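Work through the following exercises with the sequence and the coordinates open beside you, and try each task before reading its solution.

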Amino acid sequence: MTITLRPAQPSDEPALGRMGAALAQLHHDFDNQRFMMPDDVEAGYRWWLGREAKKPDAVVIVAEMDGEVVGYAYGRVEPVDWNALLDRSGGFHDLWVDAKARKAGVGAQLAEELMRRLTALGVPRVVLHTAAKNEAAQRMFARLGWRPTMVEMTREATKP
């Protein structure tokens, strides 16, 4: 199985929409109060990732296996954020690998390539978030050198 990583092209937008929707559904399944599930999420991701792929401060890469797009990673340069006490950095926002390509190192390859490309854009570090229940992703990122720095906690508002 040969995996090829490359920048996303406009022709990849349908696959990006499908995979982005699958990622959104996974998070929504983890915690449907915390993670939104908009109507036509696939079209939304297709539009969003297609738009981001054209920006010079964003990176959208895809993994191809036998000519088929089976994964993607998305990140972008983020400005100084006083609320998060975070200098300019790379924001690692999305990583998805289709089930048929998992356990073959595709996710790690995408993560390392996204790190390389964001670093080439001049960021001193890359920051990511994983769903608390996504322990497999957390283990992979830890193996690749990421360290835990924050814990997000959510509480639903009570009605007065």
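**Exercise 1.** Which are the buried residues of helix 4? Determine also where they lie around the helix axis and what they pack against.

*Solution.* The model is a predicted one, and the first step is to apply the burial cut-off, under 20% relative accessible area, to helix 4, which yields A137, M140 and F141. The second step is to look along the axis: these residues cover an arc of only 95°, which puts them on the same side of helix 4. The general background is that an α-helix has 3.6 residues a turn, so residues three or four places apart point the same way. The third step is to list the partners of these buried residues, and they turn out to be strand 4, helix 3 and strand 5. Following the chain just beyond helix 4, one meets G145, whose phi is positive, at about 105°.

**Exercise 2.** In what order do the five strands form the sheet, and which strands stand at its edges? Then place the helices that pack on it.

*Solution.* The five strands make an open sheet with mixed pairing, arranged in the order 1-2-3-4-5. Strand 1 (3-7) and strand 5 each have a single partner strand, so one side of each is left without a neighbour in the sheet. From one strand to the next, the twist averages 25°. Turning to the pairing of strand 3 with strand 4, one finds that they run antiparallel and are joined by eight bridges, and that G71 has V97 in strand 4 as its bridge partner. Helix 2 (residues 41-53) packs on the sheet through contacts with strand 2, strand 3 and strand 4, its direction making about 60° with that of strand 3. Helix 3 also packs on the sheet, where it touches strand 1, strand 2, strand 3, strand 4 and strand 5, and its direction makes about 155° with that of strand 4.

**Exercise 3.** How many residues does the largest nonpolar core have, and which element gives the largest share of it?

*Solution.* The largest nonpolar core has 24 residues, and F92, L95, V106, L110, L114 and F141 are those with the most contacts inside it. Among the elements that give two or more residues to this core are strand 4 (89-97), helix 3 (106-120) and helix 4 (135-143), and helix 3 supplies the largest share, five residues. As a closer look at one member, consider L110, whose contacts beyond four places in sequence include L5, I61, Y72 and L95. A second core, separate from this one, has 16 residues, including A15, M19, Y74 and W96.

Definitions and conventions. Residues are numbered from 1 along each chain as its sequence is written. This is a predicted model: local features need pLDDT of at least 70, side-chain atom pairs count only at pLDDT 80 or more; totals for chains, interfaces and linings use all residues. Side-chain values use heavy atoms; hydrogens and water are left out. A nonpolar core is a set of buried Ala, Val, Leu, Ile, Met, Phe, Trp, Tyr and Cys residues joined through side-chain atoms within 4.5 Å. Buried means under 20% relative accessible area, exposed over 50%, partly exposed in between (1.4 Å probe, protein chains only). Helices (H or I, at least four residues) and strands (E, at least two) are DSSP runs, numbered from the N terminus. Contact means heavy atoms within 4.5 Å. The arc is that of the directions from the helix axis to the C-beta atoms. Two strands pair if DSSP finds at least two bridges between them. Axes are lines fitted to C-alpha atoms, for helices over the stretch in contact, and angles run from 0 to 180 degrees between N-to-C directions.
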